[in-house]
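Colleague: I would like to learn how to read disulfides in a model such as this one. Could you take me through them step by step?

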Amino acid sequence: MRRVVPRILALGLLVAFSGCYEGTDADPSGASGGSGGEGESGEGGPNAGACEPDQTVVSRPLQRLSSQEYRNTLQGLVGPTVLDAVRLEVDAVPADARVSDGLNDASGAHVDAYAAVAAKAAVTLVADPALLAGLGYPCLETAAPDEACVRSFIETFGLLAHRHPLTAEHADDLYAFYADPGDHDEGLVRLIMRLLLAPQMLFHVETGGELQGEDLKLDDYSVANRIAYRLLGSAPRAPLLAAAAAGELRTVEQLDAWAETLLDDPAAQEQVQVLFDAWMEVAGLPVLAPDDPLLQGLEPVELRAATLDEFTAFVQTLLWEQDATFSELMTSTQVFPASPALAELYGVPVWTPGESPPTAADRPGLLLRAGAMALDSNLTAPILRGVFLLREVLCSPIATPGVDIINSRLEDVDEVDRVATPTREAIETITEPVGCQACHAAINPLAFAMQDFDALGRSRTVETVVGEDAQVLATHDLDTKVAISLPETDSQELTGSRELVAFVAELSQTQRCFSQRVFEFTRARPAGVQDTCAVDQLLASMAEGDAPLRDLFAANIANEQTLWRRVED
Amino acid sequence: MAQRRPHRSTRRTFLRGAAGFTLTVPFLPSLFRVADAGLAEPSRRLVSFLSLNGQRDHFWPTEIPRTPDRRIDTNVHAYDLSEIVGPVSPVLGEAFDPFRSKLAVLSGLDSLGMPDHNRIFPLTGAGYGGGDNDAPQVANSIDVVLARSNKFYPTPVSEPVLRLQPASDQAADWDRNSSTSVRDGVQLPGDSSAEVVFNRLFAAPNPNPPVPGVDPRERQILVIDRVKQDYDRLRGSGKLSGDDRVRLDQFVDYMRDLQTRLAIDPIDCDGPMPVGEATVEELYTNHIDMMVAALACGMTKIATMMCYQSGSALPGSNPHGNSHETTDAAIANDLVYNTWTAARVLEIIAKLDAFVEPDGNTLLDNSLFMWSNEISEGKSHDMFGMPTLIAGGCGGKFRTGVHVNFQSVPQRDWASQSVWLGRPYNQLLTSIMAAMGLSREDWEEPGQPGFGTYAYLGHEYASGGGWDEYIGAERDYLPYYYVG
């Protein structure tokens with residue numbers, strides 16, 4: 001699952017120092033109670049879903065747009081043609097860290113990239129007035145637009161760039177700035193550049209509203225921005241802006257109505273897909289060498305594409321066509337292999353989009369999609385899967401050993417006689433030292449239970465060791481029987497990945513972790529201790545996994561917290 | 001707005017500078033009209049820089065072991081250079097970091113020519129027929145192909161290819177006093193005198209002067225001034241926290257830094273002011289300044305520079321001798337030499353990137369700058385995994401900010417690049433010509449698909465086998481790296 005981790009790093013996870021769990025500002029597992037919920041959040045807490053405003057209205061420092069938000073917002077402003085023209089400059093915006101690792105502050109490289117984007121986008125737009133006309137500013141196509149035309153542009157483009165109406169004073173200032181060079185083209189270039197570099201464009205500025213003590217009751221436009229970025233990953237569009245202008249974004253009921261409306265929007269559904277892709281780390285899906293024995297003749301590039309498509313079809317169909325609950329998402333045996341290669345890997349008929357999908361009893365739920373399973377090494381796959389489950393699905397943070405430790409353990413791994421030693425035995429031996437067991441006592445059982453899938457995500461009943469020329473060197477019986485101990489449960493004996501995912505799906509720790517991931521992704525920042533109650537609210541909306549997941553995404557918008565911001569000096 | 005200097009530089013101006021003046025006269029920025037910009041195809045340039053005697057592992061990114069996890073396609077492995085913690089490599093040190101997003105390191109590009117000190121390699125992918133002093137294997141290098149094409153030069157320019165060879169000891173070994181170019185089977189000479197080049201380029205009026213208009217750098221500075229006021233205005237809001245203001249202040253500081261950098265004007269189309277030639281570094285600076293000015297000001301779209309002097313003229317004395325040795329001292333000297341060479345490369349990259357073009361890209365963005373060696377490493381004269389650093393994306397035609405390895409099995413050990421099949425370097429050359437607007441009929445010889453020689457597939461260095469896979473692939477462009 002965490003295939004993007006280099007093998008060398010992944011193998012390093014074999015080793016741990018004393019104290020496996022790394023510190024975070026929140027313990028969403030419920031194991032230690034965190035804060036806000038104070039020991040009650042493991043089950044969502046008795047107050048989950050009924051947080052007091054003081055528990056949910058939090059102070060967060062001014063946050064820049066994530067790189068994805070910036071790209072989406074820019075496209076909404078300048079259109080796809082200009083976005084394509086500035087793709088080099090946009091690509092120069094530094095990539096963000098994983099959301100759960102925290103969004104990096106803006107850097108000099110950000111400023112350089114933003115400035116380059118602004119300059120080139122402005123010049124491109126002004127050099128071809130047809131582009132401006134296509135964006136809804138037809139009067140700018142004339143050779144010498146009048147003042148009314150330019151002021152109209154300032155009002156509209158300014159609203160979209162600032163995501164808030166300009167004051168009359170600000171609009172006058174911008175017009176004077178435009179008029180200063182005495183040349184329409186030059187003035188317009190400067191004006192667009194200024195708007196594209198404005199703090200309201202590059203940051204989530206929330207200053208509109210009424211200050212009540214240290215809490216700001218956000219105005220409708222700020223609320224519209226929150227709704228749009230959480231659901232669409234982009235700026236609000238015209239209907240939402242109109243609702244803001246009409247003062248229709250002031251109650252939880254109004255927010256709920258908008259959430260329901262937007263969740264039917266393909267853009268929101270696509271954004272949810274991005275969330276699942278990020279959660280399951282599908283972007284790191286490997287492309288194996290054509291002669292990799294794991295493939296058994298399957299074509300690697302085609303297989304990778306088919307695997308990604310199947311993952312998307314699974315999520316989209318269950319969420320939006322079947323209104324699936326979290327439990328269903330985690331346990332459904334429906335599969336969607338539209339390509340013969342993946343159908344062969346899954347051992348089912350090819351699925352035709354629009355028709356009922358086949359089922360695969362040995363592959364229940366999101367976690368057993370090939371898109372979530374595939375790695376590039378049979379030896380390391382179990383450990384990576386175990387680490388992934390702990391970190392990303394159960395939100396149990398695990399420390400990563402240093403590179404020197406990793407390198408020393410690599411030598412042990414390279415010395416494993418794969419022909420004589422089953423993977424489970426090899427991993428048990430390598431992770432036997434007490435120092436390793438600090439983490440591997442938790443990792444290994446999860447890893448061993450999932451051995452009934454090979455590194456490619458193909459179901460198997462025996463472990464086959466294959467040489468470079470694809471000849472079978474040895475077979476080993478699989479031992480997938482494990483005892484799982486997690487904070488909220490007694491030790492549980494399980495056999496194989498099917499039992500494991502069914503067990504994990506029902507844990508409130510898993511459901512809470514998913515709630516946390518949704519919270520983090522939609523806000524492009526990690527959840528902190530102060531967010532405990534808000535995450536609990538999302539957990540409560542899942543009704544212990546039995547409510548449609550759509551409810552959770554709606555609850556992520558439709559709550560009192562969306563209407564407020566705390567201002568602390 | 002900056003004004004053009006009222007007088008044109010003269011030979012006397014050059015001599016005065018060369019005599020030792022180190023006065024830095026601000027270069028004028030590019031000037032253009034908005035109406036000339038927009039979605040028009042950028043004017044793409046090619047800059048080739050050759051240093052000799054190969055590289056060692058200190059050239060290559062230290063992260064090659066990670067590439068097996070990043071297979072993009074058959075024989076394509078790639079990852080972002082931004083993922084490398086610390087410098088890209090010892091040779092491509094921290095000074096390259098500001099340009100990391102505009103670089104591409106290419107591994108696994110194999111020469112199909114005879115192994116030798118092939119100074120014509122960068123733009124031919126080949127060498128000499130039977131040895132170092134024989135005729136070139138290829139009739140025309142790609143700079144010549146490009147220069148002859150009216151697709152690349154729809155309007156004639158004064159210097160279709162600027163061939164530079166800043167050097168003071170041309171009679172030295174392994175050095176033919178020539179450029180990397182081949183025309184009709186003959187290796188062409190390069191210019192080694194900055195004064196001669198200066199007089200040729202700048203003594204007469206530029207036939208393609210920049211169109212008067214607005215300086216985009218000054219525009220950026222002006223706009224950012226107003227944007228800073230916008231940030232200050234927001235900062236005064238009573239609805240921001242102290243942390244918010246800190247972040248805004250930090251952002252404004254970054255904008256101020258950008259303005260400072262923008263204020264350093266990079267180019268004088270009337271002729272750059274020489275900085276003297278008391279040192280070899282100044283010698284190179286003079287050549288580089290003229291090259292960048294010629295590229296920026298429309299005098300040429302192709303420039304080549306050979307960087308080599310034998311003996312002790314450059315740091316890390318006796319580079320050729322060192323390259324054949326494996327002693328610690330020789331390796332250390334090689335690092336000194338290649339780091340010094342990298343500094344010249346960096347100077348070119350930085351100066352290309354300092355010039356903003358009418359389309360808003362920098363000159364570097366619209367160019368393809370390539371740093372090549374004529375052999376992959378010195379001791380064995382290997383031709384596998386030719387060291388290739390690219391800067392700029394040729395106006396979006398090539399990926400940047402990446403390390404791409406074209407080996408079938410990427411090797412962490414640079415010396416093992418000969419073990420696994422890569423791709424023909426020729427595919428880089430055809431990709432470049434395609435990026436510049438040419439098509440196959442412009443470079444293919446009758447009956448010969450692709451570009452360059454495939455005649456030596458069986459030479460002694462092909463003993464690893466598998467090279468016959470290149471047959472039939474002559475027309476391929478470099479996958480993934482060439483976006484097209």
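Modeller: In general, a disulfide is a covalent bond between the sulfur atoms of two cysteines, and here a pair of cysteine sulfur atoms counts as one when they lie within 2.5 Å. Please keep in mind that this is a predicted model. In chain A, the sulfur atoms of A:Cys139 and A:Cys149 are 1.9 Å apart, and the two residues form a disulfide.

Colleague: Where do A:Cys139 and A:Cys149 lie in the chain?

Modeller: A:Cys139 sits in the loop between α6 (129-134) and α7 (147-162) of chain A, while A:Cys149 belongs to helix α7, 10 residues apart. The link is right-handed, with 85° about the S-S bond.

Colleague: Are A:Cys139 and A:Cys149 buried or exposed?

Modeller: Buried means under 20% relative accessible area, so A:Cys149, at 5%, is buried, whereas A:Cys139, at 32%, is partly exposed.

Colleague: How many disulfides does a search of the whole structure find?

Modeller: The search finds three over all chains. Another is formed by A:Cys395 and A:Cys513, with sulfur atoms 2.0 Å apart; A:Cys395 lies in the loop between α19 (381-393) and α20 (403-414) and A:Cys513 in helix α24 (residues 508-523), so the pair ties together parts of chain A that are 118 residues apart in sequence.

Colleague: What is the handedness of the link of B:Cys269 and B:Cys297?

Modeller: With -85° about the S-S bond, that link is left-handed, and its S to S distance is 1.8 Å. B:Cys269 is buried at 10% relative accessible area, and B:Cys297 counts as buried at 2%.

How values were computed. Residues numbered from 1 in each chain as written. Chains lettered and ligands numbered in written order. Predicted model: local features only at pLDDT ≥ 70, side-chain atom pairs only at ≥ 80, totals over all residues. Heavy atoms only, no water. Helix = DSSP H or I, 4+ residues; strand = E, 2+ residues; numbered from the N terminus. Buried < 20%, exposed > 50% of the residue type's maximum accessible area, 1.4 Å probe, protein only.
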